[in-house]
Amino acid sequence: MFLALRELRFARGRFLLMGSVVALMAALSVILSGLSSGLVDHGVSGLRDMRADSFAFDESVTSDQFSRSTVDVAAVAAWKDAKGVTDAAPVGSALVHAESDAGVQFSAALFGITEGSFLEPDLVDGDSVGARENGVVISDGIAADGIGIGDVITIDRIGTELTVVGTTGSASYGHVAIVYLPLATWQEVAYGIPGEVPSSAYEIATAIALQHDGELADTEVAGTAAISKQESFNASPGYEAETSTMLLIQVFLYVISALVVGAFFTVWTVQRQPEIALLKAMGASSGYVVRDALAQVLVVLLGATALGGAAGWALGAAMPEGMPFVLETIPVLTGFALIIVLGAAGALVAIRQITRVDPLTALGGAR
Amino acid sequence: MTAALTLTDVTLTLPAGDETVTALDHVSLEVAKGELLAIVGPSGSGKSSLLAVAGALMPPTSGSVVVGGQELTGASRTRLSRIRGDLIGFVFQSTNLLPSLTARDQLLMVPHMASGIRAEHRAKADELLASVGMSHRADRRPAQLSGGERQRVGIARALMGDPQVLLVDEPTSALDHARADEVVALLAERAHATGTACVMVTHDLEVLTHTDRVLRMHDGVLGALPAAVLG
Ligand SMILES: Nc1ncnc2c1ncn2[C@@H]1O[C@H](COP(=O)(O)OP(=O)(O)OP(=O)(O)O)[C@@H](O)[C@H]1O
Ligand SMILES: [Mg+2]
C-alpha cells in the first residue's frame, strides 16, 4: 500500500475521474435495483402476498393465465382430494376501471375470493371481504386516492356497486391497486352484462389457489394444471417483459463497469511499465508489485462504490411516493458486490501484465 | 582486499534477427570493496550488458558471476530478485525515481519492499539524504528536482539497502560539467566511506579523475585503457 496510496494522491486527477465513473455506476445500480424491485412489487406483490403455494389454471391456457384462464369452481373439491394438497380455494381476477361516489376514477385489479378462505388479505382497518353485501377490501393505492371505508365504488360499464368495508397493505397487481371482493360479486362482474346473471356464471373462477405440503404429486387435476406461485408471476401482465428488461440493463451495467475499470488499469499499468521495471530491478518481486496494484484497485473500487452507492441510496429514498421504487438491502448490496468483484476481476486482467515486465528494461533506452 | 564482484570468463550472446551479437566476449573482472571502477567505451560496445549481467538482470550465456559471495549462475528468478534487493544497488540513467514519491519516500521504498519500515530506516534515510546534500529537498517529488538532484537522490536510494555492489549507468549524461563532477565525486566518496564496490559506466572522460581504476570496453572485450585516451 506504500506506493499505491502515494500514487493515488499523485495521480488524483486521473483516479478521481475513474472513481467518479465507478461511483456513478454504483449510484445507477442502486436506482436500477430499486426500480426493478419496485416493478416486481407493483406487478405481483398482490400475488406474492397471497398465502397460496400454487395456482391451477385451465390446462389449455399457457400464457397470460390470470387474464385468459377460466376454471370450474367444482375443481376446488377435486384439488382438495389431491395428494399433498392441504387446502384449495377459487380465485377470480380482472382488471377494471371504476369510479368512487366522490367522482374519483381509477384502475384496479379485482381479486374475487370466497369469504373465510386462506386468500383473505390481512386487514389494516375495518372488516373482511363480504362483511356486508358487496363489501370489499381495498389496498393502499386506492386508499391514497382518498377512498375509504364506507365509500361506494362503481365499476364502469357494468355498474356493479361495491362498498368499501376494509383496507389492507400496499399490495398491487399489474401496476394497479387491488380490490378484494366476494367471489360471487366477481362472477357477476366477470359475466359482464348488467341485470339478471345466469346461474352458470356462478360456477366459474380464474384459478384455483392451492396450499400444499412439499411438491405437488400431481399437477393436473380436473382439466386444470397447477404452477407454483413463483411461476405464476410470469402469468401476470407484463411481468416477464419487465423483469427481463431490467435484468438485461443491470447485466450491461456490471459488464460495462468491469470493462471500464479493466481498460483504465490497462492503460495505467502500461504507463507505469518503466516504474515497474525499476521496482523489480530494485529487488521487488512480481507478487509485491501485484499486491500493491491490487490494493490500489480495491481502494478505488471500495471508495467509489461506497460514495456512489450512498448517493444513489439517498436519491432513491427521495423518490416520490407512487413511483415503482423499492430499496431492498440485499439486491442493492449484491449490486455493490458485483461492481467491486467484477471491477477487480477486470483490473486483475490488466495487472497481470506486471508479471511480464522485465526488470532489464530499467537499464533504459540504450539497453 | 576481498572482491565484492567477480566475473569469470563471462560471455553474453544476444539474438539480433537471424544472427547473434556477442555483447560480452570472455569478460573477467574483479571489483574490490570500496573501489570505484569506471568503464568507458564506444556506444554498443557492451557496457550496459556488463551491468545487466553483474546486476542479476540477465543471465550470461556462459561464465560465472559472484556478487557478495553469492553465485548467480543457475539461481531462480525469485532468488535473483532477492539478491538484487539485498546485495545490489542500481543507479540508472533514466527512470531512476518513482514520480509519485518524495525524495525521502524513494529511500523508504527500499526497506518497505524488504521487511517494512521501522524507525531506524527513517533515521537512515535522512542520514543518506544528508550525505548526498539533499536534506533540504527531502519532501520534493522528482518533477520538482533538477537532473543533478535526481541523480543524487538516486545514489542515496541505491545505497539505502547497504549493497555490496553499486552499479551505475551513465550517471552524468544529463548533467553539465560541474554537476557531473559533483555526482561522481559523491559516488567515489560514498564508495570509499561505505566500502561498497562501485562500477560506473560513462562516456564522460572528464569525471575519471575521481575513479580508482578505469577499464575500456570494446566490441564486448574488456581491457585496460590506452594511456593516450586520458591524455
Ligand atoms: N536486447 C538486445 N537484443 C539484441 N542485441 C542487443 C540487445 N541489447 C543490446 N544489444 C546489442 O549488444 C551490444 C552491446 O549493447 P550495450 O547496450 O551493452 O552497449 P553499450 O556499450 O551500453 O552502448 P551505449 O553506450 O550506447 O549505451 C550492441 O551491439 C547492441 O546492439
Ligand atoms: Mg548502455
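**Interface, pockets and cavity of the two-chain model**

The side chains of B:Asp105 and A:Arg6 form a salt bridge, with an N to O distance of 2.7 Å. The model is a predicted one. Across the interface of chain A and chain B, the rule finds one salt bridge. Polar contacts were also counted between the chains. Five residue pairs are in polar contact between chain A and chain B, with both residues at pLDDT 80 or more.

On the side of chain A that touches chain B, helix 1 (2–10), helix 9 (273–281) and helix 10 each supply at least two residues. Helix 9 of chain A gives the most to this side, with six residues. By class, the side of chain A that touches chain B has 15 nonpolar, five polar and six charged residues.

The extent of the interface was then computed. In chain A, 26 residues are in contact with 30 residues of chain B. The area buried between the two chains is about 2600 Å². Carbon and sulfur atoms give 68% of that area. Three residues of chain A stand out here. A:Phe2, A:Met282 and A:Leu363 supply 26% of the area that chain A buries against chain B, more than any other three residues.

A:Met282 also appears in the lining of the largest cavity. A search of the whole structure finds one cavity of 30 Å³ or more. The largest cavity has a volume of about 100 Å³. Alongside A:Met282, the lining includes residues of chain B, among them B:Arg84, B:Gly85, B:Ile88, B:Gly89 and B:Phe90. B:Val110, B:Arg157, B:Ala158, B:Gly161 and B:Pro163 also belong to the lining. Helix 2, strand 6 (88–91) and helix 5 (147–160) of chain B each supply at least two residues of this lining. Strand 6 of chain B gives the largest share, three residues. By class, the lining of the largest cavity has six nonpolar, three polar and two charged residues.

B:Arg84 lines the largest cavity and is also one of the residues nearest the centre of the second largest pocket. The others named there are B:Ala56, B:Leu57, B:Arg77 and B:Leu80. The second largest pocket holds about 490 Å³ of space and is lined by 26 residues. Helix 2 (residues 77–87) of chain B gives the most to this lining, with five residues. By class, the lining of the second largest pocket has 13 nonpolar, eight polar and five charged residues.

The largest pocket has a volume of about 580 Å³. Its lining has 26 residues. A:His42, A:Gly141, A:Glu321, A:Gly322 and A:Met323 lie nearest the centre of the largest pocket. Several elements of chain A give two or more residues to the lining of the largest pocket: helix 2 (12–48), strand 4 (105–113), helix 5 (140–143), strand 10 (176–182) and helix 10 (286–317). Helix 10 of chain A thus gives residues to the lining of the largest pocket and to the side of chain A that touches chain B. By class, the lining of the largest pocket has 13 nonpolar, nine polar and four charged residues.

Notes:
Residues numbered from 1 in each chain as written. Chains lettered and ligands numbered in written order. Predicted model: local features only at pLDDT ≥ 70, side-chain atom pairs only at ≥ 80, totals over all residues. Heavy atoms only, no water. 1 Å grid on protein atoms, 1.4 Å probe; cavity = no way out; pocket = protein on both sides within 12 Å on 5 of 7 lines; lining within 4 Å. Points joined across faces, edges and corners; volume = space filled by probe spheres on them. Helix = DSSP H or I, 4+ residues; strand = E, 2+ residues; numbered from the N terminus. Nonpolar A, V, L, I, M, F, W, Y, C, P; charged D, E, K, R; others polar. Contact = heavy atoms within 4.5 Å. Buried area = accessible area lost by both parts, 1.4 Å probe. Salt bridge = Lys/Arg side-chain N within 4 Å of Asp/Glu carboxyl O. Polar contact = N/O pair within 3.5 Å; in protein donor to acceptor, adjacent residues only side chain to side chain.
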